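Biologist: Please put the model up. I would like to go through what each label rests on.

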Amino acid sequence: MVMVAVMGYGVVGSGVVDVLTEHSESIARRAKEEISIKYILDIRDFPGSPFADKFTKDFEVIVNDDEVRVVAEVMGGVHPAYEFTKRCLEKGKSVVTSNKELVATRGAELLSIAKEHNANYLFEASVGGGIPIIRPISQCLAANDVIEIAGILNGTTNFILTKMIKDKMSFEDALKLAQDNGYAERDPSADIEGLDAGRKIAILASLAYGKHIYPDLVHTNGITKITLADVAYANAWGGVIKLIGQVKKLDDGRLDISVEPMFIENGSQLANVDDVFNGILVRGDSTGDVVFYGKGAGKLPTASAVVADIIDSVKHLKARKYLYWADGDESCVRPYDESEYPVYIRVSTDDKAAAAARIKELFSSAHAIVYSEAPSDELAFVTGDMSVKQQDEAIKQLCEGSTKLLSRIRVSDL
Ligand code: HSE
């Protein structure tokens, strides 16, 4: 029998306890060992819980108990999760986690500590909730050079955008609903400002390219400025707006990496990834496109990935697994203003004819978006490929007179 501890009894932690308890027989069969929860760490009280005898508020009890071989860290946040994880790994205990913030900010260091102490640090649940993506990238697709990864990586924002697109629901109502369903982060600004998706694409990039890409190197833009008007223009253009995390390897070896809302054509595989679902496309040089789809947030999908890592750790108590990346720095990433792509721009103006003429001069191959219900003082168009620096300059010149910028959203080639 292998003893495990669960640190954190929130949405994911309680899901992990439920899954381990309810599926104990099939889990034991797969792990080839019975797995028993010895401790659940939480600062709160849970009177009447069927697991009352397992709760502790004292981390020292867990770290100093040699019987505990695997610890699930599902507390979230960097502190004290970082200190707890480090100490468990230093004691040779394997740690599995759904904590994307910790993996994205301290992954290289924790992986290195795990290696030093012949323990495993596994984090399948940190990206894509219940979707298998960490193992596929590091194992199944290992023969490929990964050319690009792009995906819808945040369930909360995808849920909000879907409600705005399909039900014309307000941003606030949709966010409230996502929170009630347990999808959102404790502080939902991490979802809507794009930070959560930024951490996830940073983890995928680190894994695929072998160097730690820190989240502050990811150009990040959330969905708080997306309006129902932009949703309507995207529809008139033939697509939808999605929050996309993307990383591409450039010819010079640097990475182009960002999280931002994008126009996606209706024909794209990612256009129909709706609600809390995530969709992740991995473009390999041998495989071509491989797409992963499933529930990217929520109690049981995420718990399922955490428990799979517990089983894997139990099966590899004496062996190190494959996950590893070296430390990285800003030289790994191309500055965002050098990125090149087409962009959707919407402006208001007192003189439409003059503004339309200026748009033709300033933006390469601009195409107007024809939207029958557009306000009479608005113009919207999609440009050809331009660097961000060129876009900034052209927008500045366009907006010198009465013309005002209302929106600017990347147009994807996915
Ligand atoms: N808040 C996250 C999301 C949870 O909505 O995707 C899963 O990482």
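Biologist: Where does the ligand sit?

Modeller: In the largest pocket. A pocket, on a 1 Å grid over the protein atoms alone, is an open set of points with protein on both sides within 12 Å along at least five of seven lines. A molecule sits in it if more than half of its atoms lie within 2 Å of its grid points. This is a predicted model: local features need pLDDT of at least 70, side-chain atom pairs 80 or more, while totals for chains, interfaces and linings use all residues. Numbering runs from 1 along each chain as its sequence is written, and side-chain values use heavy atoms, without hydrogens or water.

Biologist: What makes Gly155 a polar contact of the ligand?

Modeller: A polar contact is a pair of N or O atoms within 3.5 Å. A polar backbone atom of Gly155 is 2.8 Å from a ligand oxygen, so the pair qualifies. For Tyr183, a backbone N or O atom lies 2.8 Å from a ligand nitrogen. Of the ligand's own 260 Å² of accessible area (Shrake-Rupley method, 1.4 Å probe), the protein covers 92%.

Biologist: Why is Cys88 called buried?

Modeller: Buried means under 20% relative accessible area, exposed over 50%, partly exposed in between (1.4 Å probe, protein chains only). Cys88 has 0%, so it is buried.

Biologist: And what makes Cys140 exposed?

Modeller: Its relative accessible area is 62%, so Cys140 is exposed.

Biologist: How many disulfides are there?

Modeller: Zero. The rule asks for a pair of cysteine sulfur atoms within 2.5 Å.

Terms used. A polar contact is a pair of N or O atoms within 3.5 Å; within protein, one must be able to donate a hydrogen and the other to accept it, and residues adjacent in sequence count only if both atoms are side-chain atoms. On a 1 Å grid over the protein atoms alone, a cavity is a set of points where a 1.4 Å probe fits but cannot get out, and a pocket is an open set with protein on both sides within 12 Å along at least five of seven lines; lining residues have an atom within 4 Å of a point.
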